[in-house]
2 protein chains.
Amino acid sequence: MKISLGAETLAAPTPAWLVGSYDAAGAPNIMTIAWGGICCSKPPCLAVSLRAATHTHGAIMARRAFTVSIPSVAQAAATDYAGMVSGKNTDKFAALGLTAVKSELVDAPYVGECPLIVECAVLHVFELGLHTQFVGEIKDVKADAAILDEKGHVDPQKARFFTYIPGARRYVALGADIGQGFSIGKAAVAG
Amino acid sequence: MKISLGAETLAAPTPAWLVGSYDAAGAPNIMTIAWGGICCSKPPCLAVSLRAATHTHGAIMARRAFTVSIPSVAQAAATDYAGMVSGKNTDKFAALGLTAVKSELVDAPYVGECPLIVECAVLHVFELGLHTQFVGEIKDVKADAAILDEKGHVDPQKARFFTYIPGARRYVALGADIGQGFSIGKAAVAG
């Protein structure tokens, strides 16, 4: 028996990502977004959706670039804070004691303390309604050496990522490994 | 010290969602996607990206509708399987012993066994490259009563959702609760 929750923006998992940009004054800023995800493999693209009222929206429109800093649980409180105040009147990097690192590939800063960074140049801007979707071409992904496995892949158990659950508004850490993609499905069907 | 991983589709968390559709013959089908997310609050919209070569791509183009069935760890192997074979030549619902439930709101089926369902009518179709992004307006969200908390919100600890990590290609269960959104950030800055 399913219960209707209405036409609401409910899904899981949704990301809690820090979108980095430089504003008109050249100040580095971050804002937290949960509306986003990878959206194309070739060219490699990632989308983030922002309201036009945000300080970051104008910054991305002007510089056609953004970064996504993917935090670990160590940055969960900072991530929540970056979604509560505006870069219009707060230097969030300073308030949070985080390091703004200038990307060498796109005109935007990222959070040095975050373990995984995606650097994006804006490819499309889609006006969807309350939110504008920025589709960014991924120019590089950078990871802390400490979160890589022996094959050079990001190891989620080392990275300690987390997710945001809308509705209940809970942050939840990633937990136990379930298994390998394109593999565990073989056992799902009778042979 | 950050290590460059190249211009790759790497991010975390990414979803492992089952996209439901009816094909030209009226057969219900599901496919697994990791490229997607909520993309607008008003109208409420969710985006999924599919390659044109997939059976589901043609089905969504024709019926302008899809569902997203969000699985729990109990459906992890089935979710992996639904990403390994094509609906062109396999009845995945039958092979997996899953129940195709006809949506009353959009022209697409969903997976009865999944705890959270999002029903979408196509609002935009964006050709991004290898992938087409379908932006669907959310017409309703349905949840199993068993995953709701006392306030009627989806409780991730009850729902036992999981995520997919590209690169390493691991499925990872959601784990420990970290805290409340728009709350834990207050402790991130000096008073």
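Here are legends for a handful of close-up views of a predicted two-chain model.

A quick note before looking: this is a predicted model, in which local features need pLDDT of at least 70 and side-chain atom pairs count only at pLDDT 80 or more, while totals for chains, interfaces and linings use all residues. Residues are numbered from 1 along each chain as its sequence is written, and chains are lettered from A, with ligands numbered from 1, in the order in which they are written.

**View 1. How chain B maps onto chain A.** Two copies of a chain are related by a rotation about an axis and a shift along it. Here, turning chain B by 180° with 0.0 Å of shift along the axis lays it on chain A with an RMSD of 0.0 Å. That is the relation of a two-fold axis. The superposition is done by least squares on the C-alpha atoms of residues with pLDDT of at least 70 in both copies.

**View 2. Where the two chains meet.** Look at the boundary and you'll find 92 residues of chain B in contact with 92 residues of chain A; contact means that the C-beta atoms of two residues, placed from the backbone, lie within 7 Å. On the chain B side, the largest share, 11 residues, comes from strand E12 (residues 170-180). Helices (H or I, at least four residues) and strands (E, at least two) are DSSP runs, numbered from the N terminus. That side of chain B splits into 58 nonpolar, 21 polar and 13 charged residues. For this count, Ala, Val, Leu, Ile, Met, Phe, Trp, Tyr, Cys and Pro are nonpolar, Asp, Glu, Lys and Arg are charged, and the others, Gly among them, are polar. The copies meet through the same surface, because 100% of the interface residues of chain B are also interface residues in chain A.

**View 3. A strand pairing across the chains.** Strand E10 (residues 131-144) of chain A runs antiparallel to strand E1 (residues 2-6) of chain B, and 4 bridges link them. Strands pair if DSSP finds at least two bridges between them. One spot to pick out is A:Ala143, which sits opposite B:Ile3 in E1 of chain B.

**View 4. The nonpolar core around A:Leu46.** In soluble globular proteins, nonpolar side chains tend to be buried together. The largest nonpolar core in this model has 126 residues, and those with the most contacts inside it are A:Cys39, A:Leu46, B:Cys39 and B:Leu46. Such a core is a set of buried Ala, Val, Leu, Ile, Met, Phe, Trp, Tyr and Cys residues joined through C-beta atoms within 7 Å. Leaving aside neighbours within four places in sequence, the contacts of A:Leu46 include A:Cys39, A:Val68, A:Val118 and, from the other chain, B:Ala11.

**View 5. Helix H1 of chain A and the residue after it.** In H1 (residues 55-63), A:His55, A:Thr56, A:His57, A:Ala59 and A:Ile60 are buried, with 20 or more other C-beta atoms within 10 Å of their own (12 or fewer makes a residue exposed, and in between it is partly exposed; C-beta atoms are placed from the backbone). These buried residues pack against strands of chain A, including E2 (17-22), E3 (28-33) and E5 (45-51). Just past the helix comes A:Arg64, which has a positive phi of about 55° although it is not a glycine. A:Arg64 lies in the loop between H1 and E6 of chain A, and counts as partly exposed because it has 16 C-beta neighbours inside 10 Å.

**View 6. The E4–E5 hairpin of chain B and its cis proline.** Strands E4 and E5 of chain B form a hairpin with 4 residues between them. They pair in the antiparallel sense over 4 bridges, and B:Gly37 has B:Ala47 in E5 as its bridge partner. All of E4 is tucked away: 5 of its 5 residues are buried, so E4 of chain B is largely enclosed by the rest of the structure. In the loop between the two strands you'll spot B:Pro43, joined to B:Lys42 by a cis peptide bond with omega about -5°.

**View 7. Another positive phi, at B:Arg169.** This residue other than glycine has a positive phi, near 55°. B:Arg169 belongs to the loop between strand E11 (162-165) and E12 of chain B. It counts as partly exposed, with 15 C-beta neighbours inside 10 Å.
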